[in-house]
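Thanks for asking me to look this one over. Here are my notes, point by point, on the empty spaces and one hairpin.

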Amino acid sequence: MCYTVKGFNLYAYDTTPNIFEAKVLAEGKEVYQLVDTTGTKNLVEENVVYLCQVERVFKGKSIRDTIVLYWKIDFQVWWIPRVGKEYILYLDFAREITNGGKSIYEFGSCHPDLLAGTDEYAEYVMALNHLSRKESTRFTSRTSFVEYYDDPSAPNIRTLTGGFRNGRRHGTWIFYKPYINFLSDSIPEPKEALTLTYERGRLLDVKAQIDDDLTAPFVSGWYNHYRSKLNKE
């Protein structure tokens, strides 16, 4: 099963070296003899690969104009890319492997399905633009539950609020209680789950509110990560 947080996740942003938008140009089936970073050879049976055009980079600068994605078909497939469609891709969900001296990015189907044209995609783009531009303003990222409940009255709830001053994170940044895909039958209340306090880019304080077992692993992971960044720019 794919246990992921619905809506924009600042922790995923902060721990991912490369985030970009790519359009799937073509699909193929290949048999690869792959070598990972440890030198271990792994014979991969015929599977799906995609040639992608990188449209824009939100974070990182090492992405080529075109890349090859090897889509690892897991036992329980959540989704697969479609030719002609655009997606936001996070390379923390992939590992870079080499085949004949060429880099291939191996993705699994647990990568969030961030398809262009969806409400969630639009919210990701808004948040990613704020984080890349670092303009002196506050912003709020939200997520919609219409697609999950098929109900136009389903609310949009806050997932993150934050702001910048002079190009640096400043003031209070708040992660709200997450909704975990496939694990929860109810929409979470917009309660504060993690509060970060910044002063001109320096993280001064981290506070967590963990009130249920369902979201505890996610909030605890966020808390431990940001605690390690205290008093650092």
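1. A word on classes before we start: Ala, Val, Leu, Ile, Met, Phe, Trp, Tyr, Cys and Pro count as nonpolar, Asp, Glu, Lys and Arg as charged, and the others, Gly among them, as polar. By that scheme, the lining of the second largest cavity has nine nonpolar residues, with no polar and no charged ones. Please keep in mind that this is a predicted model.

2. That second largest cavity holds about 40 Å³ of space. Its lining consists of A22, V24, C52, L69, W71, W79, P81, Y87 and L89. Three strands, β1 (19-35), β3 (66-72) and β4 (86-90), give two or more residues each to this lining. If you want to see it on screen, selecting W71 and W79, both among the lining residues, is a handy way in.

3. How many cavities of 30 Å³ or more does a search of the whole structure find? The search returns two, and the largest has about 110 Å³ of space. Its lining is made up of 19 residues, of which V5, F8, T159, Y176 and P178 are the closest to the centre.

4. Which elements give two or more residues to the lining of the largest cavity? They are β8 (156-165) and β10 (171-176). Of the elements, β8 gives the most, with four residues. By class, twelve residues of this lining are nonpolar, four are polar and three are charged. The second largest cavity, for its part, has no charged residues in its lining.

5. Now to the open space. The largest pocket has a volume of about 420 Å³. It is lined by 17 residues, and those closest to its centre are D14, R169, Y198, G201 and E233. At least two lining residues come from each of α1 (10-14), β9 (168-169) and α4 (216-227). The class split for this pocket is eight charged, six nonpolar and three polar residues.

6. Last, the hairpin. Strands β11 (residues 192-199) and β12 (residues 202-208) run antiparallel and are joined by six bridges. E199 stands opposite R202 of β12. Two residues lie between the strands of this hairpin, and R200 in the turn has a positive phi of about 50 degrees. G201, one of the residues closest to the centre of the largest pocket, is a good place to look when you view the hairpin and the pocket together.

Notes
Residues numbered from 1 in each chain as written. Predicted model: local features only at pLDDT ≥ 70, side-chain atom pairs only at ≥ 80, totals over all residues. Heavy atoms only, no water. 1 Å grid on protein atoms, 1.4 Å probe; cavity = no way out; pocket = protein on both sides within 12 Å on 5 of 7 lines; lining within 4 Å. Points joined across faces, edges and corners; volume = space filled by probe spheres on them. Pairing = 2+ DSSP bridges.
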